[in-house]
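Ready for a few short exercises? Have a look at the model, try each task yourself, and then compare with the worked solution.

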Amino acid sequence: MQQKSQTHAVLITGSTSGIGLAIAHCFGRAGHHVMLHGLADSETARTLCNEFADYPGKVGFSSADISSEAGCAQLVSDTREAIGNPSVLINNAGIQHTAPAHEFPADKWHQILSINLSASFFLSRDLLPAMRASGWGRVINIASVHGLVASEHKSAYCAAKHGLVGLTKVLALENADCNITANAICPGWVETPLIQPQIENIARKQQVDLETARTELVGAKQPMARATNPQAIGELALYLCGEFAGTITGAALPVDGGWSAQ
Ligand SMILES: NC(=O)c1ccc[n+]([C@@H]2O[C@H](COP(=O)([O-])OP(=O)(O)OC[C@H]3O[C@@H](n4cnc5c(N)ncnc54)[C@H](O)[C@@H]3O)[C@@H](O)[C@H]2O)c1
């Protein structure tokens with residue numbers, strides 16, 4: 001049984017900004033070793049790592065592009081070198097592109113499927129054997145409410161996120177014998193750079209200011225018309241690694257202001 005004070009090595013993909021960075025801070029503050037990752041130059045990486053200097057655990061950084069299997073392997077190797085073998089994998093990196101399916105560019109389709117879905121499979125496949133050998137592990141997939149319901153113009157994103165929820169369930173079943181849980185967190189709107197282009201799009205089309213466009217975007221889908229603070233996702237991920245979450249597995253947990261309850 002996991003001890004309350006145990007320190008874990010935690011890999012968070014896409015942690016240079018938004019939800020991933022907030023998750024990384026939650027784990028860093030809690031004393032865990034944190035592997036930061038994302039598309040960033042060395043100057044940005046240094047600045048980011050400095051933000052973690054006051055936390056007790058180690059911090060590492062990798063800029064591996066995880067849109068390919070080789071990039072995922074690079075990230076695994078960078079992580080092992082910097083903080084040791086991760087017992088917690090948080091698949092968070094993701095991108096978005098919106099267009100109707102009949103106009104959706106093929107390159108965007110492939111990119112979204114690679115980063116939002118396939119990378120989570122490759123990283124899980126490569127890191128699970130060591131988790132299984134040690135008899136403890138956590139896989140947390142940052143899916144989306146779009147892993148549970150659909151919205152128009154998001155064919156690739158919805159396909160990837162529904163796929164990620166399915167992958168999560170399979171990982172939960174296959175690794176239940178080794179004290180490893182796998183769960184998906186399914187946020188609605190979260191206040192991050194990812195949603196900015198969609199806000200600007202509404203502002204441009206409707207000729208309104210950005211604040212009005214933000215309320216319009218969030219309120220169109222969520223009964224609670226406010227975006228979630230990224231730290232809330234970090235605190236939930238931390239809870240899933242804590243001593244009382246040991247039997248939560250195979251779940252897709254909405255944090256969506258009631259969006260998927262409708
Ligand atoms: N923001 C929201 O409202 C929202 C809602 C539901 C789900 N999500 C999901 O949460 C996750 C994080 O979203 P966010 O809003 O924080 O995004 P963000 O744009 O702030 O951050 C995305 C991260 O992914 C990294 N990344 C992108 N492409 C990469 C690649 N090829 N290789 C390596 N790293 C790459 C970026 O460098 C960055 O660190 C995504 O999976 C997203 O789908 C976000």
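Three exercises follow, each with a solution in steps.

This is a predicted model, in which local features need pLDDT of at least 70, side-chain atom pairs count only at pLDDT 80 or more, and totals for chains, interfaces and linings use all residues. Residues are numbered from 1 along each chain as its sequence is written, and side-chain values use heavy atoms, with hydrogens and water left out.

**Exercise 1.** Work out which residues of α3 are buried, and what they pack against.

*Solution.*
- Start with the element: helices (H or I, at least four residues) and strands (E, at least two) are DSSP runs, numbered from the N terminus. Helix α3 takes in residues 69-83.
- Next, apply the burial cut-offs: buried is under 20% relative accessible area, exposed is over 50%, and partly exposed lies in between (1.4 Å probe, protein chains only). In α3, the buried residues are Gly 71, Cys 72, Leu 75, Val 76, Thr 79 and Ile 83.
- These residues lie on the same side of α3, because they cover an arc of only 145° around the axis (the arc of the directions from the helix axis to the C-beta atoms).
- Now turn to the face away from the buried side, where the exposed residues Ala 70 and Glu 81 sit.
- Finally, look for contacts (heavy atoms within 4.5 Å): the buried residues of α3 pack against β1 (9-12), β2 (33-37), β3 (59-62) and α4 (106-134).

**Exercise 2.** Place strand β6 among its neighbours, and decide how enclosed it is.

*Solution.*
- Count the burial: 8 of the 8 residues of β6 (residues 180-187) are buried, so the strand is largely enclosed by the rest of the structure.
- Sort the side chains: Ile 180, Ala 182, Ala 184 and Cys 186 point one way from β6, while Thr 181, Asn 183, Ile 185 and Pro 187 point the other way.
- Find the partners, given that two strands pair if DSSP finds at least two bridges between them. β5 (residues 137-142) pairs with β6 in the parallel sense over 6 bridges, and β7 (residues 252-255) runs parallel to β6, joined by 4 bridges.
- Check one pair on each side: Ile 142 has Ile 185 as its bridge partner, and Ala 184 stands opposite Ala 252.

**Exercise 3.** How many disulfides are there, and where is the cysteine sulfur nearest to that of Cys 72?

*Solution.*
- Use the cut-off, a pair of cysteine sulfur atoms within 2.5 Å: the count comes to 0 disulfides.
- For Cys 72, the nearest cysteine sulfur is that of Cys 49, 20 Å away.
- For Cys 186, the nearest is that of Cys 158, 12 Å away.

Conventions. Expected span 1.5 Å × (residues − 1).
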